[in-house]
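Visitor: I have a chain to look over and some questions about its rings, strands and core. Can you take me through them?

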Amino acid sequence: MKHFLIGAGLVAVAALPVYAHHSFAAEFDANKPVTLTGAVTKLEWMNPHIWVYLDVKDAQGTVQPWQCEGGAPNTLTRNGWGRDSLKYGDAITIEGFMAKDRSKTCNIRIAKLPDGRSIFAGSSGGDNPPPPKR
């Protein structure tokens with residue numbers, strides 16, 4: 001019995017990363033594109049996805065906090081940006097797709113960084129650009 005419980009516990013722990021990772025279609029709506037411009041309030045640079053938090057003014061001028069999911073850090077590094085590409089207060093424009101639950105959450109497709117570069121953000125949506133030619 002002891003070995004069964006240890007085995008079951010190991011299986012449960014091993015399944016946690018799989019549970020935490022989700023499909024684009026499960027959480028985001030490819031038919032609801034969104035463009036956001038705002039000031040960065042926080043950047044979480046970790047696997048399996050980065051998160052960019054920003055304050056965006058709505059049509060009435062009220063600041064709304066948003067959270068936007070990007071790709072994996074390794075993918076983003078290969079696309080030309082890193083954990084130091086964004087700093088608190090930087091103005092950024094994000095093109096992405098709304099969350100299905102209608103929260104202020106999106107999946108980033110393209111991010112326009114403060115230096116003017118537009119970079120693919122590792123979106124797992126279906127319209128990803130082709131990889132760069134080498």
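Guide: One term first. A charge sits over a ring if NZ of Lys or CZ of Arg is within 6 Å of the ring centre and within 35 degrees of the ring normal. Keep in mind that this is a predicted model.

Visitor: Which residue lies over the face of Tyr53?

Guide: The cut-off is within 6 Å of the ring centre. The residue over this face is at 5.3 Å from the centre of the Tyr53 ring. It is Lys42.

Visitor: Where in the fold is Trp66 found?

Guide: Look at residues 63-69. They form a strand, and Trp66 is part of it. The strand is β3.

Visitor: Is Trp66 buried or exposed?

Guide: Buried means under 20% relative accessible area. Trp66 has 11%, so it counts as buried.

Visitor: Which residues does Trp66 touch, not counting residues up to four places away in sequence?

Guide: The list mixes several kinds of side chain. Ser103, Lys104, Thr105 and Cys106 are among them. So are Tyr53, Met98, Val34, Leu36, Val52, Leu54 and Val56.

Visitor: How far apart in space are Trp66 and Asp55, C-alpha to C-alpha?

Guide: In sequence, Trp66 and Asp55 are 11 residues apart. In space, C-alpha to C-alpha, the separation is 6.2 Å.

Visitor: In which sense do β2 and β3 pair?

Guide: Strand β2 covers residues 51-57 and joins β3 over seven bridges. Within this pairing, Val56 stands opposite Gln64. Five residues lie between the strands of the hairpin, where Gly61 takes a positive phi near 90 degrees. The sense of the β2 and β3 pairing is antiparallel.

Visitor: How many bridges join β3 to β5?

Guide: β5 spans residues 105-112 and runs parallel to β3. Glu69 of β3 stands opposite Asn107 in β5. The number of bridges joining β3 to β5 is three.

Visitor: How many aromatic pairs are there?

Guide: Rings pair if their centres lie within 6.5 Å. By that rule the count is three.

Visitor: What kind of pair do Phe24 and Phe97 make?

Guide: Their ring centres are 5.6 Å apart. Planes over 60 degrees apart count as edge-to-face. These planes stand at 90 degrees, so the pair is edge-to-face.

Visitor: How many residues apart in sequence are the parts this pair ties together?

Guide: Phe24 lies in helix α2, residues 24-27, while Phe97 lies in strand β4, residues 91-99. Both Phe24 and Phe97 are buried. The parts are 73 residues apart.

Visitor: What kind of pair do Trp45 and Trp81 make?

Guide: The ring centres of Trp45 and Trp81 are 6.1 Å apart. Trp45 sits in the loop between β1 and β2, and Trp81 in the loop between α3 and β4. The planes are at 85 degrees, so the pair is edge-to-face.

Visitor: Which residues have the most contacts inside the largest nonpolar core?

Guide: This core has 22 residues. Strands β1, β2, β3, β4 and β5 each give two or more residues to the core. Trp81, one of the residues asked for, is buried with a relative accessible area of 3%. The full set is Leu54, Trp66, Trp81, Ile92 and Ile94.

Visitor: How many disulfides are there?

Guide: A disulfide needs two cysteine sulfur atoms within 2.5 Å. Cys68 is buried at 0% relative accessible area, and Cys106 is buried at 0% too. The disulfide count is zero.

Conventions
Residues numbered from 1 in each chain as written. Predicted model: local features only at pLDDT ≥ 70, side-chain atom pairs only at ≥ 80, totals over all residues. Heavy atoms only, no water. Helix = DSSP H or I, 4+ residues; strand = E, 2+ residues; numbered from the N terminus. Buried < 20%, exposed > 50% of the residue type's maximum accessible area, 1.4 Å probe, protein only. Contact = heavy atoms within 4.5 Å. Pairing = 2+ DSSP bridges. Phe/Tyr/Trp six-rings, centres within 6.5 Å; stacked < 30°, edge-to-face > 60°. Core = buried A, V, L, I, M, F, W, Y, C linked by side-chain atoms within 4.5 Å.
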